[in-house]
Amino acid sequence: MLPGMSDLDLEAHIRDIPDWPEPGIVFKDITPLLADPTAFRGAIDAMVGPFVDRGITKVVGIEARGFILGAPVADRLGAGFVPIRKAGKLPHDIHHQEYELEYGTDRIEVHSDAVGSTDTVLIVDDVLATGGTAAAAIRLIDALGASVAGLAVLVELAFLDGRSKLNGAGVHTVVHYGPT
Ligand code: AMP
């Protein structure tokens with residue numbers, strides 16, 4: 001952690017976009033945080049903290065903002081990086097899972113050989129909302145025989161109780177909204 005980082009107000013760098021991508025959703029826009037070097041580094045520091053010395057071999061980032069956060073997290077932990085992508089984007093043999101979003105349904109995929117039984121995995125994403133995406137990611141990594149050490153997520157919308165879908169997986173979140 002950088003000097004003075006405990007004073008850093010990460011929430012001040014996250015912008016609310018009401019009614020996007022559809023009415024009733026308040027989208028948490030992290031692009032101002034990413035654009036601020038101190039906030040970006042502070043966010044990565046905070047996400048990595050509990051997972052240092054946990055033997056993480058692979059960080060799995062969920063498309064697309066999980067790539068932006070997951071790659072520096074992987075580098076900090078001395079781990080490899082693995083993308084979980086939306087349907088039809090990965091070129092090699094894949095495993096897939098259907099899941100529900102806060103707004104709609106979707107499907108995620110991972111290369112079948114991306115992780116295996118010798119891997120200890122940290123899953124990274126930007127926002128934990130209903131928990132459907134994170135739950136599907138855990139199922140995908142489980143299906144490949146790897147061990148999930150936990151999830152590091154920048155923003156938790158606690159009022160949606162996504163944690164309840166994650167069966168006690170070690171979820172570490174940094175900026176919390178709610179319960180309201
Ligand atoms: P969920 O499966 O409901 O937990 O949704 C989490 C996924 O959807 C994450 O990959 C987020 O990027 C995205 N997401 C869901 N709700 C929001 C929101 N209110 N603001 C920003 N991203 C969101």
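Select helix α4, residues 132–143. In this predicted model, α4 lies across β3, β4, β5, β6, β7 and β8. Against β5 the helix runs at about 160°.

Now show the sheet beneath that helix. It is open, has seven strands and mixed pairing. Follow the order β5-β6-β4-β3-β7-β8-β9. Which strands stand at the edges? They are β5 (94–101) and β9 (171–177). Each has a single partner strand, so one side of each is left without a neighbour in the sheet. Look along the strands: neighbours are turned by 20° against each other on average, direction ignored.

Zoom in on β8, residues 147–157, and its pairing with β9. The two strands run in the parallel sense and share six bridges. Pick Val153 to see one of these positions: its bridge partner in β9 is Thr173.

Next, select helix α3, residues 65–77. This helix also packs on the sheet, where it touches β3, β4 (80–86), β7 and β8. Its direction makes about 140° with that of β7.

Move to helix α2, residues 37–48. Start at its beginning. There, a side-chain oxygen of Asp36 comes to within 3.0 Å of the backbone nitrogen of Thr38. Then check the length. The helix has 12 residues, and at 1.5 Å a residue they should span 16 Å. The end C-alpha atoms are 17 Å apart, which agrees. Colour the buried residues of α2: Ala39, Gly42, Ala43, Ile44, Asp45, Met47 and Val48. What covers them? The cover includes α1 (31–35), α3, β7, β8 and β9.

Now turn to the charged side chains. The model holds 10 salt bridges. Three pairs and one network make good stops.

First stop: Lys28 and Asp16. Their closest N and O atoms are 2.6 Å apart. Lys28 sits in strand β2 (residues 26–29) and Asp16 in strand β1 (residues 15–18), 12 residues apart. Is Lys28 buried or exposed? Its relative accessibility is 9%, under the 20% limit, so Lys28 counts as buried. Asp16, at 41%, counts as partly exposed.

Second stop: Asp119 and Lys58. Their side chains meet in a salt bridge at 3.2 Å, N to O. Asp119 lies in the loop between β6 (104–111) and β7 (120–128), while Lys58 is in strand β3 (residues 58–62). The pair therefore ties together parts that are 61 residues apart in sequence. Asp119 is buried, with a relative accessible area of 8%.

Third stop: Arg107 and Glu109. This salt bridge has an N to O distance of 3.0 Å. Arg107 is partly exposed at 24% relative accessibility, whereas Glu109 is buried at 5%.

Stay on Glu109, which is found in strand β6. Where else does its side chain reach? It comes to 3.1 Å from the backbone nitrogen of Gly88. Now display the contacts of Glu109, leaving aside neighbours within four places in sequence. They include the run Pro83, Ile84, Arg85, Lys86, Ala87, Gly88, Lys89 and Leu90. Also among them are Ile94, His95, His96 and Leu140.

Two of those contacts, Arg85 and Lys89, lead to the last selection. Add Glu63: together with Arg85 and Lys89, Glu63 is linked in a network of salt bridges.

Notes: Residues are numbered from 1 along each chain as its sequence is written. This is a predicted model: local features need pLDDT of at least 70, side-chain atom pairs count only at pLDDT 80 or more; totals for chains, interfaces and linings use all residues. Side-chain values use heavy atoms; hydrogens and water are left out. A salt bridge is a side-chain nitrogen of Lys or Arg within 4 Å of a carboxyl oxygen of Asp or Glu. Helices (H or I, at least four residues) and strands (E, at least two) are DSSP runs, numbered from the N terminus. Buried means under 20% relative accessible area, exposed over 50%, partly exposed in between (1.4 Å probe, protein chains only). A polar contact is a pair of N or O atoms within 3.5 Å; within protein, one must be able to donate a hydrogen and the other to accept it, and residues adjacent in sequence count only if both atoms are side-chain atoms. Contact means heavy atoms within 4.5 Å. Two strands pair if DSSP finds at least two bridges between them. Axes are lines fitted to C-alpha atoms, for helices over the stretch in contact, and angles run from 0 to 180 degrees between N-to-C directions. The expected span of a helix is 1.5 Å times one less than its number of residues.
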